[in-house]
Amino acid sequence: MKETLKDLGRQVMTAAKISKNMKSYYVTTPIYYVNSDPHIGTAYTTILADTAARYQRLLGRDAYFLTGTDEHGDKIAKAAAAKGLTPQQFVDDISGRFRTLWPQLYVMPDRFIRTTDPDHRAVVQSILQKLHDQGDTYFGEYEGLYCTGCERFRTEKELVDGKCPDHGTVPEIVKESNYFFRMSKYQEWWRDYIEKNPNVVRPERYRNEVLGYLRDPLEDLCISRPKERLSWGIELPFDKNYVTYVWFDALLNYLSGIGYGDNDDWQERWANCEHLIGKDIVKPHGIYWPIMLHAAGLPVFKHLTVHGYWNFRDAKISKSSGKPIAVEPLISVFGVDAVRYFVLREMVVGLDASFSVEAMQKRINSDLANDLGNLFSRVAKLIGDHFEGTIPVANHGEPELERMLGELRGNVRMWADEMKWHVLIEETMQFIRATNRYFESSAPWGLVKTNRDEAATVLRNCVEALRATAILLYPIMPGKMTDLLTRIGEPIQNFKLEQTAWGHVRTRAKMKKGDALFPRLEETEVRTALADYIDGGKSNVTEQAAPIARAATDGMISIEDFKKIELRTAKVVEAERIAGSDKLLKLQIEIGDEKRQIVAGIALYYTPEQMIGRQVVVVANLKPAKLRGEVSEGMLLAVKWDDKLEILSTPEHAPSGAPIS
Ligand code: ME8
């Protein structure tokens, strides 16, 4: 194995030697299909993995983070053909787009693997050969229902109304001679394993999903595709007329990405492997993968952590259904740190979450601009105005804040290991809110005049809290938290959790206030910049949807649109028929003090006499129009049904010109 890989001239990933007291941590994302661009869903899992790796480094572990692209298979071949490109040209392009997006999100993988990489191909072929040699594969004929969207056969039971539940498409019937992997042989072993290690698939609902698949006898896995139908794949080492089934190929990236069989570090990394996936791919990861590993004589991953879907207007955000949400416009409006903060705060790992620009703006304004950003600028301003911008000495600490920080620090490892980012963030923000209360109630702006030492102490204690918070939230917002730490005079370095303890602020360091750390976002600005995310798109919304989503559906208008319409009460002072028309009346109306003329299509229902003196409702800000040569400066509202029409009336005592809202 070693020799084969070296012969291929692969670029050996040289992981840093793991020292005895530094435990390894290895985190992965799914490798994404390159049949279309990245979107919020794919960005989410990748941000999650990046954050996990950064927290583990903060906790002193040697973390390795792998992501990449899944480039073989039917759907990629079809997408390339549709664009008139060769598969290789096509995958180079889209894989490149993933690689360019990730740094924009501060996502820093240790390796970006592509299933077209030569070292990956070698690993796939070596494992296939091993399974084949030990008799775990056989050749046979199979007929089944194949969903190209999932790139797998689906059982009748998994379909909803005959369609794939994830793609809404009817699977094709595929009948072929192929190679099969004896998955059924290991079914019992895997069920026992889960029962003995219940946390291996988490949260619990997904463990139950996996156990559900294991309740019925497993079918063997078809692991090849005949080249005559699909040539875009890794050739089987034992039959050149076949390529490897895309899922079998893709799952092995988790081994090739750490240099399986080719360096001394992969085993230690593998022993600490944490897979992160969305709930759409539980079966390949929760059934095929552990069984492939076991058959290959390898231990299974430490955890398979499954998260739910990001939905938009009640539909899953994806490239194949509904409207994918590109990430770049969000970065440009909210900033990359705030985007990371929002998705990690909003989604509880395991449950679905709703994406809305409105929720995002609210969250960023309240947590980041108000609670965190404002505290920093108020503290920095007072230190600037009264202590020459130098962080002063404290006479004493602040017991309640110290206690809260102690608790936070004690829990970080647990939250990070269990992927409870929403809790970690919320608890840290509670600490910042408590610091705000302390700042408010101590009123250091008054104290500087009466008790300068105490004012210095309060400000210094607030800087202690801000500094610890910046380090605690650094893995989530690496850019802004580095900025915050720089502004409080901290040299940038690889922080460790120990350095978040109270009392680490550098006395007499220079404090720089600078511009607002998180500028407040104005609603109109956000809505204008992200109009597509609010008003456009496909409607698929039910009554339970969030108000923002309901207002944004096709044919509906937003509250802002509605507010543009100016409705007022008006009094009709004169009325007459228009010569040559049996439908139109010309009305002179008063809207408060203003006189106007309106032409209304009501002559079949009202005589001029009936109209004079009436209070009516008009749209007061319509552009003037001409009807039968007469100017009409507004529109009168009426109810129409069957062959009847009745003018809307208002309470009699309401004055003319009153706005209607
Ligand atoms: O399945 N909400 O690739 P894929 C949350 N190539 N996460 C979402 C999401 C959403 N709306 N949409 C996508 C594949 N994701 C295979 C994987 S791994 C060996 C092979 C995320 O491009 C989530 O992580 O369809 C989901 O599992 C993954 O993207 C699917 O990516």
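1. Helices α6 (residues 187–196) and α7 (residues 204–215) pack at an angle of about 150°, axes 10 Å apart; helices here are DSSP runs of H or I with at least four residues, strands E runs of at least two, numbered from the N terminus. Axes are lines fitted to C-alpha atoms over the stretch in contact, with angles from 0 to 180 degrees between N-to-C directions. That makes the pair roughly antiparallel, a label for angles over 145 degrees.

2. One caveat: this is a predicted model, where local features need pLDDT of at least 70, side-chain atom pairs need 80 or more, and totals for chains, interfaces and linings use all residues. Numbering runs from 1 along each chain as its sequence is written, and side-chain values use heavy atoms, leaving out hydrogens and water.

3. On to the pockets. A pocket is an open set of points on a 1 Å grid over the protein atoms alone, where a 1.4 Å probe fits, with protein on both sides within 12 Å along at least five of seven lines; lining residues have an atom within 4 Å of a point. The largest has a volume of about 680 Å³, counted as the space filled by probe spheres set on the points, which are joined across faces, edges and corners.

4. Its lining takes in 38 residues, with Tyr33, Asp280, Ile281, Lys316 and Lys319 nearest the centre. The top contributor is α2, giving 4 residues.

5. The second largest pocket holds about 540 Å³. Thr155, Glu158, Tyr213, Glu219 and Lys283 sit closest to its centre, out of 26 lining residues. Here β5 gives the most, with 5 residues.

Conventions:
Parallel < 35°, antiparallel > 145°, perpendicular 65-115°, else oblique.
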